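Good morning, colleagues. Please look at the sequence and the model as they appear on the screen.

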Amino acid sequence: MTKPEVHPVDQGLPAGRLALLGLQHMSIMYAGAVAVPLIVGSALKLDAATIGLLVNADLLVAGIATLIQSIGIGKLLGIRLPVVAGATFSVVNPMILIASQYGLPAVYGAMMASGVFGLLIAKPFAKLIRFFPPLVTGTLLLVIGVSLLGPGAGLIAGNDPSAPDYAALSHILLAFGVLALLVLFTRVLRGFANQIGPLLALAIGLVVAIPLGLVHWDGLSAAGWFGLAAPFHFGAPTFPVAAVLSMCVVILVTFTESTADMIAVGEITGRPPTDSDLARGLATDGFSAVLGGVMNSFPDTAFAQNVGLVRMTGVRSRWVVAVTGGILVLMGLVPKIGAFIAAIPQPVVGGVAVVMFAMVAAVGAQNLRTVEFSGNHNTFVVAVALGVGLLPAFAPKIFQHFPAWLQTIGGSSITVTAVLAFVLNLLFNHLGRRDEPGNLPDVG
């Protein structure tokens with residue numbers, strides 16, 4: 001009697017391959033993961049030691065969430081797909097606003113409350129999966145990929161145009177050299193060597209950057225071997241109503257983003273998520289907010305750049321991502337490991353990251369290819385969602401005079417696009433009488 005064939009998602013790999021592929025996923029997501037605590041800590045004028053604790057807590061919670069997403073906990077948590085979790089950028093502005101008005105204890109109290117809210121609504125939200133057809137997910141993934149190119153460019157050129165080393169020739173050439181290596185490895189290498197092409201490009205880029213004086217080991221010598229802030233480091237949590245409501249909006253935004261990414265991973269791996277699978281994945285996002293509130297961290301979402309990596313390498317095993325989760329937990333507990341990874345120059349990471357971000361956009365475009373655009377308003381839906389959704393990417397402060405809760409929604413291209421694509425799809429394709437083909441203007 002032959003054994004049933006194991007699905008590639010559940011397939012185990014040799015230990016050496018697991019380690020390298022897991023490390024590769026971590027290398028791709030690290031810059032995005034630590035950006036949130038660095039931005040929030042700097043905006044709140046926290047000292048370097050406190051920001052370091054935020055980074056450690058962030059990596060720890062992201063690692064735990066990634067482990068849960070890939071391995072799962074019974075029928076409660078984890079989508080059991082190669083989903084990498086990391087801090088959501090949607091939380092940055094609300095955290096800064098709440099901390100400025102009520103203090104950090106209110107930030108983490110509101111985060112915990114929003115996490116409980118997320119756990120409660122995960123299953124009902126997952127029932128909405130039928131309202132996330134390729135028209136919605138494709139448009140959203142396209143905008144996620146495009147909007148992430150801004151941070152990708154920041155990794156390469158820097159984020160301060162007034163800085164003397166902004167867009168330095170050495171940085172640009174290094175990033176493009178890493179990108180050229182990635183193209184070469186993807187074209188020439190075969191098998192496992194091809195799968196770790198991004199990691200090889202990063203490693204060679206790091207070696208080349210050392211004689212250029214772009215690698216600084218100061219943080220490595222200063223980092224301790226163990227460092228983790230105690231729970232509720234900033235004091236007992238408080239729960240101002242306005243702060244809780246703002247964080248609940250963040251959870252809804254996170255769920256929308258994660259839904260698109262999880263559906264994309266399911267399509268790439270050949271295991272589309274069911275309502276129950278998606279509910280467990282979203283519940284993990286909610287759980288990460290509760291845990292983040294306790295451990296001085298941040299809510300997590302599915303990281304789009306790692307979706308791009310799954311597409312590029314073709315490695316579908318969730319156990320690879322489980323190794324990534326283990327590495328992140330270790331980095332959260334051992335700052336020296338995190339300091340070593342942080343020493344990789346940003347242009348090196350950026351040379352690979354821009355391809356991963358663009359790969360997400362390409363997955364979105366591929367989804368849109370399956371959409372019927374003749375005799376309906378689908379072209380109009382995509383146009384409005386893209387046109388309005390990308391405004392915050394090109395004019396980040398366009399909604400600065402709106403109420404704080406609306407800034408939470410309007411400050412992110414991903415959020416605006418998700419809301420518009422979802423609502424417009426409902427309006428034109430679900431509510432009321434659908435227009436008959438042939439009675440519409442030609443918008444295709």
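I shall speak about aromatic pairs, then about one asparagine, and finally about two loop residues.

Please keep in mind throughout that this is a predicted model.

Let me begin with the aromatic rings. A search of the whole structure finds seven aromatic pairs. One of them is formed by Phe-125 and Phe-255, in an edge-to-face arrangement with 5.5 Å from centre to centre and 75° between the planes. This pair links distant parts of the chain, since Phe-125 belongs to helix α4, residues 104–126, and Phe-255 to helix α10, with their positions 130 residues apart. Both Phe-125 and Phe-255 are buried.

A further pair is that of Phe-131 and Phe-422. Their ring centres are 6.4 Å apart and their planes stand at 85°, so this pair, too, is edge-to-face; the angle required for that label is over 60 degrees. Which parts of the chain does this pair tie together? Phe-131 is found in the loop between α4 and α5, whereas Phe-422 is in helix α19, residues 413–429, so the pair ties together parts that are 291 residues apart in sequence. Phe-131 and Phe-422 are both buried.

These rings also belong to a wider arrangement. Ring pairs join Phe-125, Phe-131, Phe-132, Phe-255 and Phe-422 into a cluster.

I turn now to Asn-367, which is located in helix α15, spanning residues 346–368. Is this asparagine, Asn-367, buried or exposed? Asn-367 counts as buried because its relative accessibility is 7%, and the cut-off for buried is under 20%. What does the side chain of Asn-367 meet in a polar contact? Its partner is the side chain of Thr-137, at 3.5 Å. Leaving aside residues up to four places away in sequence, Asn-367 touches Pro-134, Thr-137, Gly-138, Leu-141 and Glu-267.

Lastly, I come to the backbone. Most residues other than glycine have a negative phi. Ala-167 is not a glycine, yet its phi is positive, at about 55°. Ala-167 sits in the loop between α5 (134–157) and α6 (169–188). With a relative accessible area of 36%, Ala-167 is partly exposed.

Phe-232 likewise has a positive phi of about 55° although it is not a glycine. Its place is in the loop between α9 (218–222) and α10 (241–269). Phe-232 counts as partly exposed, because its relative accessibility is 33%.

Thank you for your attention.

Terms used. Residues numbered from 1 in each chain as written. Predicted model: local features only at pLDDT ≥ 70, side-chain atom pairs only at ≥ 80, totals over all residues. Heavy atoms only, no water. Helix = DSSP H or I, 4+ residues; strand = E, 2+ residues; numbered from the N terminus. Buried < 20%, exposed > 50% of the residue type's maximum accessible area, 1.4 Å probe, protein only. Polar contact = N/O pair within 3.5 Å; in protein donor to acceptor, adjacent residues only side chain to side chain. Contact = heavy atoms within 4.5 Å. Phe/Tyr/Trp six-rings, centres within 6.5 Å; stacked < 30°, edge-to-face > 60°.
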